[in-house]
Amino acid sequence: MIHAKWLLLTFFLFPFLAQAQLQPCATPPVKSKWLTLYQRHPEHYAQPEEDTILYIPLTIHLLGNDDGTSHYPIDRLLTSLCQLNADFAQANIQFFLESPIDYIDNTAYNHHSTVVEGAQMMFENDVENTLNCYFVDDAADACGYNLPYASIALNESCTGQSHTWAHEVGHDFTLPHPFLGWEGTEYMAGDTAPVKLTYDYTYFQDTLILDTLIIDTAFTELVDGSNCEIAADGFCDTPPDYLSDRWPCTADNTNGFTEVDPTGATFQTSGELFMSYSYDDCQSKFSPQQIAAMRSYILDEKPNYLYNQTPYPQLSDQQTPLLSPAYEAITDKTHTQLVWASAGTPATYHLVVSKSFTMAYPFVDTLITDTTFLLTDLEKHNYYWQVQPFNKYSFCSPLSKRGKFTADEMVAIFEQAGERWQVGPTFVQQGTSLHLTGQHPLSSDADLSLVSVSGQVVQTQQLRAGSLDYELFLSEKCQRGLYYLVLHIKGHPVLRQKVMVY
Ligand SMILES: [Zn+2]
């Protein structure tokens, strides 16, 4: 099957969809054979129980360039996944990550200007029995598209807190645009619409056909609803809509100008449907008939998606606490261990460490299942870090607060029961702090003292066992000069370190 498609692609490749501006969705008009039959007799089709949530497995492909750059960032992917599940909650359909996130380095696919190239990318990389979604820099000059015989491509700039993904998944679950037939035809305000429209859906049949132009006709939907079952998208609860360019909505969520149906009846289009081309902030729903059709379609045509219907417990919507190092702690640039609180259920953590307060140009940007991460190759610099947990089913946990530490030389080292402890910095500014940092909690109480060169104890702090990071704040008594920092455990000095206060 793959080979046949490849032959077609090799021999019949030709330019397609020459669109000047970024279109909202390059999925041209199509009404699947399944939907045509379904709409004649929806009562003949099985429906899942109304309160049954259908869990759909996703494979996410993040396209980058050949040099490994320009992949869609994980925090934005999580925002998009959280939004997708929010948009489909009303339909009792939820999505989970079946496969690990698939990183693909391929500049040509990342910036593909035709749907045919996109199809090639999908034939090469689609994972069976999952809904495959590709995040790219250029998706055939559109915000996204869905190929009925393959999968979904999304332009990264149209995702996040937007409904583009829900729109394309709606297509994948057999929904046409409510303005079916008008794609590529501009409706002029006040014009009386024709009774029928012709449209080209050559590339959006059930299989990819490259050597035949396929033209069909659609009836224009009337305001009185008399032809709603056969006109446009065939749903009677999606009112007439002739608007095939992206459009902003008014305060009452309509297009704000008059449309005229073939009988002369006038109307305006509501912006609420995800399958329309209204702006994102107008959209909020699928119609009940659209939802019923999607649920029947999944049961009837995509039962292979429904093999795992047992979700994990949802992760907390609270920020993950950062445990160590303490905020603004001084740490060892050759040994700084980041520790954060476990989410309590199976989770992957997205960890980002950056020298920049804005978290730009991350020094570390990684996914791990552990709750600690060791940094051994830092510069003498401020660092910021954040953690965000997610799991196969749960994408809405917020980013943690931003942690901050300063990597520095930490020359004072002592061993306690085989554990390495470090004290720093050794050149310390008046009115700031010294830090004692370990890999494991201190196993017994201790005293940390600052002693002048003449032997006078300037200040002492008791350290309670059980922590990884202790701070000694230099009191006013601690004038500029040279001191010894002395650590006593059970009365025995275990560390003596020269410290210069300046
Ligand atoms: Zn569309």
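**Exercise 1. Find how many cavities of 30 Å³ or more there are, and say what lines the largest one.**

Step 1: Count. This predicted model has 3 cavities of 30 Å³ or more. A cavity here is a set of points on a 1 Å grid, over the protein atoms alone, where a 1.4 Å probe fits but cannot get out; lining residues have an atom within 4 Å of a point. Grid points are joined across faces, edges and corners, and a volume is the space filled by probe spheres set on the points.

Step 2: Look at the largest cavity. Its volume is about 80 Å³. The lining has 13 residues, with Thr164, His167, Arg246, Ser276 and Gln283 nearest the centre.

Step 3: Sort that lining. You get 4 nonpolar, 6 polar and 3 charged residues. Nonpolar covers Ala, Val, Leu, Ile, Met, Phe, Trp, Tyr, Cys and Pro; charged covers Asp, Glu, Lys and Arg; the others, Gly among them, are polar.

Before moving on, some ground rules. Residues are numbered from 1 along each chain as its sequence is written. Local features need pLDDT of at least 70 and side-chain atom pairs 80 or more, while totals for chains, interfaces and linings use all residues, and side-chain values use heavy atoms, leaving out hydrogens and water.

**Exercise 2. Work out what the salt bridge between arginine 246 and aspartate 280 ties together.**

Step 1: Check the contact. The two side chains meet at 3.7 Å, N to O. That fits the rule for a salt bridge: a side-chain nitrogen of Lys or Arg within 4 Å of a carboxyl oxygen of Asp or Glu.

Step 2: Place both ends. Arginine 246 sits in the loop between strand 10 and strand 11, and aspartate 280 in the loop between strand 12 and helix 7, so the pair ties together parts 34 residues apart in sequence. (Helices, H or I with at least four residues, and strands, E with at least two, are DSSP runs numbered from the N terminus.)

Step 3: Check exposure. Arginine 246 is partly exposed at 29%, and aspartate 280 is partly exposed at 22%. Buried means under 20% relative accessible area, exposed over 50%, partly exposed in between (1.4 Å probe, protein chains only).

**Exercise 3. Describe the salt bridge between aspartate 445 and arginine 464.**

Step 1: Get the distance. N to O, it is 2.9 Å.

Step 2: Compare the accessibility classes. Aspartate 445 is partly exposed at 34%, whereas arginine 464 is exposed at 53%.

Definitions and conventions:
On a 1 Å grid over the protein atoms alone, a cavity is a set of points where a 1.4 Å probe fits but cannot get out, and a pocket is an open set with protein on both sides within 12 Å along at least five of seven lines; lining residues have an atom within 4 Å of a point.
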